Amino acid sequence: MDINSMFQQRTTDMPARAAPKALREGKKYDQPVQTIPPQTELLILWAIHKSDPKGVYGLDIQRAFKECSGGNESISLGSLYSLLKRMRKKCYVKSCEGDSIGGGAKRQYYSLTERGEYVVKYADEFFARLRNWSP
């Protein structure tokens, strides 16, 4: 299956608790992914992409920004969680509760949905073509 036809598919097979209200109510999500999301959203998707199958939690994503940029880039937790919430509404990521650490609140683990995987694949292919393009 080519990348363009994958984007035309509907993403309705996500677990109910991770899906936006429209999907939980059985409505179809018909908006195809044909554009690259804003830079920070794309960086978050790439940080989540190779994560453990159970997902990655917010502090890991924040740490990825710092480590992969050599300390030059960072994201506040407030901004990160706002973006993750927006990305859940777009059906790019899903979340599930993990164990609590030290008796505190349970951690939220984030992983990519099928739609999020398509976005990462589309961006990777786009950037590869762009790197090889010449006028």
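Helices (H or I, at least four residues) and strands (E, at least two) are taken here as DSSP runs, numbered from the N terminus. This is a predicted model, in which local features need pLDDT of at least 70 and side-chain atom pairs count only at pLDDT 80 or more, while totals for chains, interfaces and linings use all residues. Residues are numbered from 1 along each chain as its sequence is written, and side-chain values use heavy atoms, with hydrogens and water left out.

Start with the whole chain, coloured by secondary structure. Six helices and three strands are present, and following the sequence they appear in the order α-α-α-β-α-α-β-β-α. With a molecular surface switched on, the chain exposes about 8500 Å², of which carbon and sulfur atoms supply 49%; such accessible areas come from the Shrake-Rupley method with a 1.4 Å probe, and for residues only the protein chains shown count as cover. Of the 135 residues, 36% are buried, where buried means under 20% relative accessible area, exposed over 50%, and partly exposed in between (1.4 Å probe, protein chains only).

Next, select helix α4, residues 58-68, and show its side chains. Gly 58, Asp 60, Ile 61, Gln 62 and Phe 65 are buried in this helix. An α-helix has 3.6 residues a turn, so residues three or four places apart point the same way. To see what covers the buried residues of α4, add elements including α3 (39-49), β1 (56-57), α5 (77-89) and β3 (106-112). Just after α4, pause at Gly 70, which takes a positive phi of about 65°.

Now centre the view on Ile 61, which lies in helix α4. Ile 61 counts as buried because its relative accessibility is 1%. Which residues does Ile 61 touch, not counting residues up to four places away in sequence? Select Ile 44, Ala 47, Ile 48, Val 56, Leu 80 and Leu 84, each of which is in contact with Ile 61, contact meaning heavy atoms within 4.5 Å. For one of these partners, draw a distance: Ile 61 and Leu 80 are 19 residues apart in sequence, and their C-alpha atoms are 8.4 Å apart in space.

Finally, widen the selection to the largest nonpolar core, a set of buried Ala, Val, Leu, Ile, Met, Phe, Trp, Tyr and Cys residues joined through side-chain atoms within 4.5 Å. Among its 17 residues, Ile 44, Leu 45, Ile 48, Ile 61, Leu 84 and Val 93 touch the most other members. Two or more residues of this core come from each of α3, α4, α5, β3 and α6 (114-132), and α5 gives the largest share, four residues.
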